[in-house]
Each structure stands twice: as C-alpha cells, then as structure tokens.
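Dear colleague,

I am handing over the structure below, and after it I set out what was found there. Please keep the structure open while you read, so that you can look up each residue as it is named.

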Amino acid sequence: MSKESSQGQKRLKELGLNEKSAWERLDAREKERVFAFCEGYKDFLTRAKTEREAIEAALELAGRRGFKSLDGIKGPEPGTKFYLEWRGKVALLGVWGQAPLEKGLHLVGAHVDAPRLDLKPQPLYEEAGLAMFKTHYYGGIKKYQWTALPLALHGVVILHDGRKINIKIGEDPGDPVLAISDLLPHLAKDQMKKPLEEAFSGDDLNLVIGNLPYADEEVKEKVKLAILDQLHRQYGLVEEDFISAELELVPAGPARDLGLDRSMIGAYGQDDRVCAYTALQAILELERPERTALVLLVDKEEIGSTGNTGAQSRFLALAVTELAGRAGSADILSVSRVLASSRAISADVTAALDPTYEGVYDKRNVALLGRGVVLSKYSGSRGKYEANDASAEFMGYLRRLFNAAGVIWQTGELGKVDAGGGGTIAKYLAYFGLDVADCGPALLSMHAPLEIASKVDVYQAYRAYSAFLKA
Ligand code: MN
Ligand code: MN
C-alpha cells in the first residue's frame, strides 16, 4: 500500500539527515557482497592476532597481488605497486599515482596492535603445585574480562644463540589453552564489594600453565622444572630466553559470525584490524590512482603510538623521503611539501551506542551499529583535549567524496563530553601539516576479548577507503 508523501515528509527528506539503517539502503546483491567480503575479514582476524601476524598476513596478501618491495623500484611509474616493511610490525603499501608527488599523497593509516596481556620478562614461577606465568597488560583493558577465558600464546622468542622462534599455542582445536584463574563467588564476598578498578590488580592476572611435577625428589620446584624441560625439548628454550621474547596472550579461537541473523562479527582485535583489513583490501584492488595512494599499518597505537614502530616514529617521513628520492628530489623542502599537501584518513574504530549503557553516550551524537562507516571530526577527551579536530574544509571534502561514491556513512562522537574519551593516530599524522580526519566502523564492547562489529559497517569502511584512495 503506497501513499503519497505529505509536503512535510518531502521537506524533511530534503533537509534532514538520512537516519536509515545501512542494511535498508542496500539491495539484495549488495547485501550478498557485504557477507562475502566479511568471510575474508574473518579469516584475516583469525590469522592475524598480533601486530606481527597482521603485518605478515598483509604483506603476503599484497605479494600475491603484485606488490613489490620498494627497494627494487627505481622510478615513479604510475600504477606501480610497492610496499615497505619496518621491523616486522609496520607496513606501508602504495600505488604510484598519475599526478606528481608534490600534489600530495592520499594516505589511510590504521593500527594493527590490540589490547592484550604480555608475558613479563621473568614470567615463570611455581606456587601451590601449579606452574604459572606472570603477565603485564598492554593497552586499555577491563581486567576482569580476561579471567576464566581460554587464551592462546602467540609471539617470538630470540633464543640464547640468537635464533628466532615463533610460538603459537592454543589456536588449533587440538591445542591446549591457557587461562587466568578467578576467585570463586563463594569466597569473593570482599572482592565483590570493591569498585571494579580495585577488585583486580594487574598483578592478579596470572596464568595457570602446568600441574605435572618433574620426576626427581631432589628438586624443589618440580612443576616449574617440568615446564622448563618441556619448553626446552620443544623449542630449545631456557629461562633467560623469556627476557628476549615478545609473547602475547590473546583470546583463543576463530572470529565468528554473531547474531541469529549472522549480521555481525564477534572477534578479538577488531580495534583496529577492521580498518587495517578494509584499507588493505581497498589498496590491493587499486589501479592507477590519481594521487599516490598509501596504506600505513602501524603498531603501538594502544599505548600512545610510542616506540620505533608507533605512529610517532619517523617511519612515515623516511618512507616518503624514499618516494620523493625516486621522483627526483629527496631534500627536506620537497619531502615536507609532499607531506604537507597530502590528505589522510586516520582509520580507526569508534564506539557504537550500547543500548544497555545509554547513559554514557550523547544519543544525538553517537554512532549506531549498522548505519555505515563513521566519519568523525575529532576524538580526544573532555574539551577535545589531545584531539586532531579536522577542519570544516576537509570534512566537507570527505563528505562530498563519500556521497558521490555512494558510501553509506554516519557521524558520531565517542561518548558524552565529560564521560571520558580516547585518541587515534590522527594527531601524529597531522604533525606533518596534512589534512586528516578519523573514519572507521563503530564497535560494541571495544577493547573486550570479543568485540562486535556490524558486517554492513565493515563493508562501508572498505568502500570509504577505496573511494578516498582512488580520488
Ligand atoms: Mn583503535
Ligand atoms: Mn583501541
């Protein structure tokens, strides 16, 4: 039964925001594409659970699509696909544009690290007949979420003789998992009265890893020795090797469809591998863009973009200097000009309205799950502190670009003005003088062991980055 729209309805459609679900704005074929795209995304999430694994997976996919190391590339040939890798934790993928470099680059930057638990440098001990590992959490976590949950151990160890070994335990269905014990409710009377922040201390996040004693009456810590003995037989590892290791605990198991209708994805590490994967797919398919297009995947965002693999390091400047050198001039003025005339998207997630905790959001300015990718002018906290705060001009540019390409997008602030806040790599990209804004899907349960994204938003992120890299 169709009815003529009233004058007011027509006027509202002309003047008001489109607040329809992205799902309702897609036809059946486009919906199929959303679901198909997210199969690849789930595979990536399942495979890439650490920053190193994400970079390895990204470079492997790029290699298969004809991307070559920049080292072997001499001149600026439009359409040339290249990559640069940095210490196994950063990657830059690029496609050389038709316009000269000084017209500026189009860069999408995402991070590949995620909140987790790292093993301490001296993790192994024995207590109460158990072998245990001590951990130090990485990034912003709610500690209670990481107890009594199957965890997998991923990472690298540099052995005493300098050899590097990879460790991954807990992902194959036949593998054992590790877990942090939690206090039984029967004895948690005092714990339950404490505020959440105090109920669990960082030093309570201890992993249960073994219970079998070494068969020798003369040894005091038999369970610890049995674990050391096993690690030595399996990997050649001795206790001192933990000091030169990066071993990370992540939730065990694959990324899954979430919801009875399979409309969402429930998985660890979607902040920010959802943006890493969608940006990666966008550049893998890119042919002869107007401006030189780059996708930067960085580490260490979750602890302030610090270190030599974080967005505050000089890696991007070095990479652009390499490009400028190949285009003719790598002097500081040329490189600074290329960077300053560039445009960037800081591709990171934001919060979706959680109907159970409505109080912390401004309902009129929060993103909804399933309403498309989120374009945000600023992040930061309490008075935009530490925010990039994109210009009206650049927001106008991106808005027109997305609308022309038919990208379904929305805007959204992280939460209520005084409720808290957060940052992204946007401000570190802005340091070069370029224009940058934040854009990525909204999540529920951000930073939890299982984060929730809507498949339609994942796909719209890919479409947004694709439109931007082509422009
Ligand atoms: Mn993030
Ligand atoms: Mn984060």
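To begin with one residue, D348 has a relative accessible area of 8%, and because buried means under 20%, D348 counts as buried. Please bear in mind throughout that this is a predicted model.

The metal sites

D348 is one of the residues that hold the manganese ion (ligand 1), which is coordinated by H111 through NE2, by D271 through OD, and by D348 through OD, listed twice, at 2.1 to 2.5 Å. Along the chain, the donors of this manganese ion (ligand 1) follow the spacing H-x159-D-x76-D. The pair D271 and D348 links distant parts of the chain, since D271 sits in helix 7 while D348 sits in the loop between strand 15 (343-346) and strand 16 (350-351), 77 residues apart.

Which residues coordinate the manganese ion (ligand 2)? Its donors are D271 (OD), E302 (OE, listed twice) and H447 (NE2), at 2.1 to 2.6 Å, and in sequence these donor residues are spaced D-x30-E-x144-H. D271 lies in helix 7 and E302 in the loop between strand 14 (293-298) and helix 8 (315-327), so this pair ties together parts that are 31 residues apart in sequence.

You will have noticed that D271 appears in both lists: D271 bridges the manganese ion (ligand 2) and the manganese ion (ligand 1), which lie 3.4 Å apart. Is D271 buried or exposed? At a relative accessibility of 3%, D271 counts as buried, and E302 is buried as well.

Two helix pairs

Two packed helices are described by the angle between their axes and the distance between the axes. Helix 7 (residues 270-284) and helix 12 (residues 455-470) have axes that come within 8 Å and cross at roughly 45 degrees, which makes helix 7 oblique to helix 12. The crossing in which helix 7 passes helix 12 is right-handed. On the side of helix 7 the contact is made by V274, C275, T278, A279, Q281, A282 and I283, and on the side of helix 12 by V458, A461, Y462, Y465, S466 and L469. Sorted by class, the residues of this contact between helix 7 and helix 12 are 10 nonpolar, 3 polar and no charged.

The axes of helix 8 and helix 9 (residues 332-340) come within 9 Å and cross at roughly 110 degrees, which makes helix 8 roughly perpendicular to helix 9. The crossing of helix 8 and helix 9 is right-handed. Here L316, A317, V320, T321 and A324 of helix 8 meet V335, V338 and L339 of helix 9, and the residues of this contact between helix 8 and helix 9 divide into 7 nonpolar, 1 polar and no charged.

A loop residue

Finally, you may want to find L444, which is located in the loop between strand 22 (442-443) and strand 23 (451-454). L444 is buried, because its relative accessible area is 16% and the cut-off for buried is under 20%. Leaving aside residues up to four places away in sequence, L444 touches A352, L353, D354, L369, E451 and I452. By contrast, R337 is 107 residues from L444 in sequence and 39 Å from L444 in space, C-alpha to C-alpha.

With best wishes

How values were computed:
Residues numbered from 1 in each chain as written. Chains lettered and ligands numbered in written order. Predicted model: local features only at pLDDT ≥ 70, side-chain atom pairs only at ≥ 80, totals over all residues. Heavy atoms only, no water. Helix = DSSP H or I, 4+ residues; strand = E, 2+ residues; numbered from the N terminus. Buried < 20%, exposed > 50% of the residue type's maximum accessible area, 1.4 Å probe, protein only. Contact = heavy atoms within 4.5 Å. Axes fitted to C-alpha atoms, helices over the stretch in contact; angles between N-to-C directions. Parallel < 35°, antiparallel > 145°, perpendicular 65-115°, else oblique. Left-handed = near helix turned anticlockwise from the far one by under 90°. Nonpolar A, V, L, I, M, F, W, Y, C, P; charged D, E, K, R; others polar. Donors = N, O, S within 2.8 Å, 3.2 Å for Na, K, Ca; no water.
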